[in-house]
Amino acid sequence: MTTSERPHLAVVGAGPAGLAAALAAAARGVRVTLLDAAEQAGGQFYRQPAAALGARRPQALHHQWRTWERLRAGLDRQLAAGHVRHLPDHHVWCVDRTNGSDRVDTTDGIDGTDRTDGVRSPTSGGAFAVHALRGPLQEEGVTVRADAVLLATGGYERVLPFPGWTLPGVVTAGGAQAMLKGGLVLPGRTVVVAGTGPLLLPVACGLAAAGARVAALVESADPKALPRHARALAAQPGKLAEGARYAGLLLRHGVRTLTRHAVVEAHGADRLTAVTVAALDRDGGLVAGSARRIPCDTLAVGHGMLPHTDLAETLGCALSQTGVRVDGEQRTDVPGIWAAGEATGIGGAAPALAEGHIAGRSVAARLHGTPPDPRRWAGAARARGRLREFSAALDALYAPPAGWAARITDDTVVCRCEEVTAGQVRTSVDVLGAGDPRTVKLLTRAGMGWCQGRVCGPAVAALSGCPPTPGRRPFARPVPLGVLAELPEDEPD
């Protein structure tokens, strides 16, 4: 079978999950096209500095570097063999079915019932069209046709607003890490790292090691809650050792750690000059008299991650809580669509690698018309189960503090794109009677800007008391009208 005759899988996202899936599928006779918005493979976890920067020791900014080297070497081999095609700087905005999406092979579905799997013998057309915008300007349309699609779209940071959060100098924790890893630059000289979640540890340690003075690590979680999750946490001794290593680095760099504290306000005129932090009681309220001001020129703040489900939602994939719902093979309930990694639930690189490997093997078997044998990926499945339990424990431990929305003053901007304040959101509910997120959006324009509610969505939902609902947008990102009018041409083979 020639390369062009092989069944074709399109993988959206070249992070740990996408790379693992692409390598597993390519090794089993599947032709893979790997599309990614970044200029280099690796995703956010393995973000690399540009070659022009001449980084001498990029591994100093990462852990699990050997895993990345194995992934990179495997990708290089498959690229050289012509089994994988990597399309960097391709921003996927939609995946849809083509007219030729014949279905064969009836198997158990995600809900335990029989359904058609959406996998077909490869033809020249392909069952799906993956539409992307190419280049930094995102003005040129490209379409890749494939017999199956794997969504490895990763996650994005949850942003919780507070007074002063729009000041220059306030960045997300992941944004600070991306600046350091990808640009080899510090976001500032004196930094406060704040919020909640395990990401804060490597961010604080990385900034301190790179020369910034980390004035404080402000964590809202209560360390006394650790014993409640001892069993799940103890099942991952490697993760615990990693946390202990970060704790040692914080001590070495003299970073002050304030647990069960939160940033309640950022101060400054033209840019950030200080933050006020305060202790939290058991109910998430502020402890009277505990407020203190910490001078700084940068605040790196994060409150965990949310799955990127935009493409899955446009395809009609069911969601489980906030992530894409999948079965034991990482199949969604939409025939021919698989999902892996942070898109199915936030867990980090380790479960993403396991899920990607399972998905790649499953896709390969089904595209070749043979029933997958779960025994072939039993080790990855066991790791996936343990890591999911560990991630669930972390989610409970590092949940945003209760009552955070009540501390947002009415004049605080919530939706930066449309400059909508918390007071306007509250008015839309209390005075105008909005009872769902869509009505709040129509009355206030919150979520109608460039980010399409990805940044302000959690805050608007909390302020309005309306639970967030899946998006109904036909496109996952803004698309130029010219691209839509011209119908983008296929990427040449």
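**Rings, cores and a helix near the chain's end**Trp-68 counts as buried, since its relative accessibility is 6% (buried means under 20% relative accessible area, exposed over 50%, partly exposed in between, with a 1.4 Å probe and protein chains only). The model is predicted, so local features need pLDDT of at least 70 and side-chain atom pairs count only at pLDDT 80 or more, while totals for chains, interfaces and linings use all residues. Residues are numbered from 1 along each chain as its sequence is written, and side-chain values use heavy atoms, with hydrogens and water left out.

Now for the rings. The structure holds 3 aromatic pairs (rings of Phe, Tyr and Trp, the last by its six-membered ring, pair if their centres lie within 6.5 Å; planes under 30 degrees apart count as stacked, over 60 as edge-to-face and the rest as tilted). Phe-45 and Tyr-46 make an edge-to-face pair, 4.8 Å centre to centre with 90° between the planes. Phe-45 is partly exposed, at 24% relative accessibility, whereas Tyr-46 is buried, with a relative accessible area of 0%. Tyr-46 also pairs with Trp-68: their ring centres are 5.4 Å apart and their planes at 25°, so this pair is stacked. The stacked pair links distant parts of the chain, 22 residues apart, with Tyr-46 in the loop between strand 2 and helix 2 and Trp-68 in helix 2 (helices, H or I of at least four residues, and strands, E of at least two, are DSSP runs numbered from the N terminus). Phe-45, Tyr-46 and Trp-68 form one aromatic cluster.

Next, the nonpolar residues. In soluble globular proteins, nonpolar side chains tend to be buried together. The largest nonpolar core has 32 residues, of which Leu-9, Val-32 and Leu-150 touch the most other members (such a core is a set of buried Ala, Val, Leu, Ile, Met, Phe, Trp, Tyr and Cys residues joined through side-chain atoms within 4.5 Å). Strand 1, strand 2, helix 2, strand 9 and helix 8 are among the elements that give two or more residues to this core, but helix 1 gives the most, with 8 residues. Apart from it lies another core, of 25 residues, including Val-12, Val-144, Val-334 and Ala-476.

Last comes helix 12. Its buried residues are Ala-459, Val-460, Ala-461, Leu-463 and Ser-464. These pack against strand 23, helix 10 and helix 11 (contact means heavy atoms within 4.5 Å). Right after helix 12 sits Gly-465, with a positive phi near 75°.
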